[in-house]
Amino acid sequence: MINVSNLIQSRPLKGNYFAPDVYLQGDNEFGLLENRSGARLLALPDTLLKGLFTALDAELGSGAGIALRSCGKTWGTAFYKRFADELAEYYEQPLAQMEMVQFLQCLKQCWKSHGWGVLDIDLKYYQQGFIVAEVSNSPFIATAPQGKRPMGFLEAGILSAFFSQLTGQNLHCEQTQCESLGADRNLLIIGLAERLKSVPAWLTEGHDHATIMELLCRQQN
């Protein structure tokens with residue numbers, strides 16, 4: 001008969017790596033903020049983010065989105081590497097061997113622990129080649145110019161780079177709903193760029209997220 005106590009002692013179950021009470025560590029006296037692996041973290045004050053958005057908007061106008069998306073891609077690439085390395089070491093298995101449920105829970109908790117809002121991943125359209133990311137309470141969009149256009153450029157860049165690294169394909173991301181325009185959450189579609197190329201035109205025509213997903217899926221049939 002298997003002795004359960006021996007099994008637990010020989011291979012203890014690992015808890016949530018990104019639990020905020022153990023993941024975030026700091027030294028107020030020296031102004032240091034680290035994660036549980038000892039990697040340095042950077043706190044971005046609201047004033048700095050507002051200044052960044054204001055300066056880019058003044059200098060580049062509509063081109064500010066391209067610059068922010070590019071920054072997000074660079075950020076997302078580094079973010080994925082750290083995410084994969086730390087989880088592989090902690091759970092003693094490569095990210096590719098992790099159960100999907102565990103992977104999604106880790107990603108959502110990681111996003112929250114870093115203060116980027118609340119992330120949820122909808123795999124309803126996965127068989128059609130699309131992943132929908134829902135982000136609420138985004139600090140980046142909250143400090144961006146309001147009421148003009150979707151402002152989740154940083155999130156779009158981060159998510160496209162992250163899932164490109166994860167899947168090994170060059171993926172793109174288009175935002176269809178934004179808190180800066182009064183929506184209750186931000187919705188972003190991740191997929192191949194060729195399949196998402198019609199999304200900006202559909203947004204200009206006034207289609208909502210549900211209609212755009214219907215049109216995208218219809219194109220794949």
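The following exchange asks how several descriptions of this predicted model are justified.

User: What makes up the secondary structure of the protein, and what does its C-alpha trace span?

Analyst: The secondary structure comes to ten helices and six strands. Along the principal axes, the C-alpha trace spans about 65 × 55 × 30 Å. Of the 221 residues, 41% count as buried, a class that requires a relative accessible area under 20%. Among contacts with a separation of 6 or more, 56% join residues 24 or more positions apart.

User: Why are α4 and α5 called oblique?

Analyst: The axes of helix α4 (residues 64-91) and helix α5 (residues 100-113) cross at roughly 125° and come within 12 Å. Angles of 65 to 115 degrees count as roughly perpendicular and those over 145 as roughly antiparallel. The value of roughly 125° belongs to neither class, and therefore α4 is oblique to α5. The crossing of α4 past α5 is right-handed.

User: Which residues make the contact between α4 and α5, and how do they divide by class?

Analyst: On the α4 side they are Phe79, Phe83, Leu87 and Tyr91, and these meet Gln102, Phe103, Cys106, Leu107 and Cys110 of α5. By class, eight of the residues in this contact are nonpolar, one is polar and none is charged.

User: What makes α4 and α7 oblique to each other?

Analyst: The axes of α4 and helix α7 (residues 153-167) cross at roughly 40° and come within 6 Å. An angle has to be under 35 degrees to count as roughly parallel, and 65 to 115 counts as roughly perpendicular. A crossing at roughly 40° fits neither description, so α4 and α7 are oblique to each other. Their crossing is right-handed. The contact includes Trp75, Phe79 and Phe83 of α4 and Ile158, Phe162 and Leu166 of α7. In total, the contact of α4 with α7 has 13 nonpolar, seven polar and two charged residues.

User: How do you know that β1 and β2 are paired?

Analyst: Pairing requires at least two bridges between two strands. Strand β1 (residues 24-27) and strand β2 (residues 32-35) have four bridges and run in the antiparallel sense, so they meet that requirement. Gly26 has Leu33 of β2 as its bridge partner. The two strands form a hairpin with four residues between them, and Gly31 in the turn has a positive phi of about 70°.

User: What makes β3 and β5 the edge strands of the open sheet?

Analyst: This open sheet has four strands in the order β3-β4-β6-β5, with antiparallel pairing. β3 (118-122) and β5 (171-177) are its edge strands, since each pairs on one side only. Neighbouring strands are turned by 25° against each other on average, direction ignored. Helix α10 (residues 209-220) packs on this sheet and touches β4, β5 and β6, with a direction at about 15° to that of β6.

User: How do you know that β4 and β6 are paired within that sheet?

Analyst: Strand β4 (residues 131-136) and strand β6 (residues 186-192) share five bridges in the antiparallel sense. Since at least two are needed, the two strands count as paired. One of the bridges joins Ala133 to Leu188 in β6.

User: Why does Glu92 count as exposed, and what is its phi?

Analyst: A residue is exposed when its relative accessible area is over 50%. Glu92 reaches 52% relative accessibility and therefore counts as exposed. Glu92 lies in the loop between α4 and α5 and has a positive phi of about 60°, although it is not a glycine. Most residues other than glycine have a negative phi.

User: Why is Asn137 called exposed?

Analyst: Asn137 has a relative accessible area of 59%, and because the cut-off is over 50%, Asn137 is exposed. Asn137 sits in the loop between β4 and α6 (139-142). Its phi is also positive, at about 55°, although Asn137 is not a glycine.

User: Why is Lys14 described as partly exposed, and where does it lie?

Analyst: Buried residues fall under 20% and exposed ones over 50%. Lys14 has a relative accessible area of 37%, which lies between these limits, so Lys14 is partly exposed. Lys14 is in the loop between α1 (4-10) and α2 (20-23).

User: What is Lys14 in contact with, leaving aside its neighbours within four places in sequence?

Analyst: Lys14 is then in contact with Tyr90, Tyr91 and Glu92. The C-alpha atoms of Lys14 and Glu92 are separated by 9.8 Å, while the two residues are 78 residues apart along the chain.

Definitions and conventions:
Residues numbered from 1 in each chain as written. Predicted model: local features only at pLDDT ≥ 70, side-chain atom pairs only at ≥ 80, totals over all residues. Heavy atoms only, no water. Axes fitted to C-alpha atoms, helices over the stretch in contact; angles between N-to-C directions. Left-handed = near helix turned anticlockwise from the far one by under 90°. Contact = heavy atoms within 4.5 Å. Nonpolar A, V, L, I, M, F, W, Y, C, P; charged D, E, K, R; others polar. Buried < 20%, exposed > 50% of the residue type's maximum accessible area, 1.4 Å probe, protein only.
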